[in-house]
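This report looks at one helix and at two pockets of the structure shown below.

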Amino acid sequence: FEMISSFRPSFLLSAGKTFLRTYSISVEGKEETLEYSAFLKNKDGKKISWWHDVPLKADGSLSLFNYVNEIPISSKAKLEVSTKVELNPIKQDVKKGKLRYFTYEMGYNGIPFNYGMLPQTFEDPNEVHPDTGAGGDADPVDLVELGTGPLQVGAIIPVKVLGALAMIDEGETDWKIICIRANDPRANQLTTVADVAKTPQGQTQLNAIVQWFRMYKTTDGKPENSFAFGGQYKDRDYALQVIVDTHISWQKLLKGEIPNKKGWWTGPKAAAA
């Protein structure tokens, strides 16, 4: 995979393992209220950004990435890193003054997987992807984590990237990177999404992800979401290229090379390590 093997962006120099030993989570306000905010703190107790200060890489290669968990499996509150709020805390999404919840149900009592984001990435709305024909959704890249059991809100977990799903959400490219926590019992036997399909219940799990993303907005009166590639998963190499591209876009955003018309909070950057 020529682009990946020859390109060495700055994130490969990050001290991901050191960071994971030094951060803490500070929660302000009660859950499921407008005041709720989960902040990230560094080893000195200083608030820093989930989006900008968590290293993309959990090691010095393309093996493990840092996953920030926003929504635990089997929960309904739509939590996310707030890209337009100072220091980008995790908050519950709000629409027309009301807290947002997932209402589509597939028998999991909420979302059927752990769901989060990839730090130091950005899907550029001005960049039309050649394979999807649509610009990015102006957010960090979303991750779907396949491991067993719920992860804490704000947990930063090393994950293996396995593939990608290209959802088209209201005309925007909204990548869903498929991953699994590095310490999951299945992780050592999985390299790409095709390996997941060969495991017990693996294909069922992959089908459920597509089904959920296709249908989850319909219970709120919106149409089904669509997908590039006919809803088929792309492999690990393709997903890694998406990560490289969106990391470069994030670097451009911080440098001011992408116009900040929507008021994304991009600094000042705190010293994370």
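Helices (H or I, at least four residues) and strands (E, at least two) are DSSP runs, numbered from the N terminus. The model is predicted: local features need pLDDT of at least 70, side-chain atom pairs count only at pLDDT 80 or more, and totals for chains, interfaces and linings use all residues. Residues are numbered from 1 along each chain as its sequence is written, and side-chain values use heavy atoms, with hydrogens and water left out.

A pocket is an open set of points on a 1 Å grid over the protein atoms alone, where a 1.4 Å probe fits, with protein on both sides within 12 Å along at least five of seven lines; lining residues have an atom within 4 Å of a point. Volume is the space filled by probe spheres set on the points, which are joined across faces, edges and corners.

| Pocket | Volume | Lining |
|---|---|---|
| Largest | about 930 Å³ | 34 residues |
| Second largest | about 360 Å³ | 20 residues |

Nearest the centre of the largest pocket lie K78, E80, D93, R100 and D139. Elements that give two or more residues to its lining are β4 (65-71), β5 (79-81), β7 (94-95), β9, β12 and α4.

In the second largest pocket, E127, H129, D245, T246 and S249 are closest to the centre. Both β12 and α5 (236-255) give two or more residues to its lining, and α5 gives the most, with six.

Helix α4 (residues 202-215) has 14 residues and should span 20 Å at 1.5 Å a residue (times one less than the number of residues); its end C-alpha atoms are 20 Å apart, which agrees.
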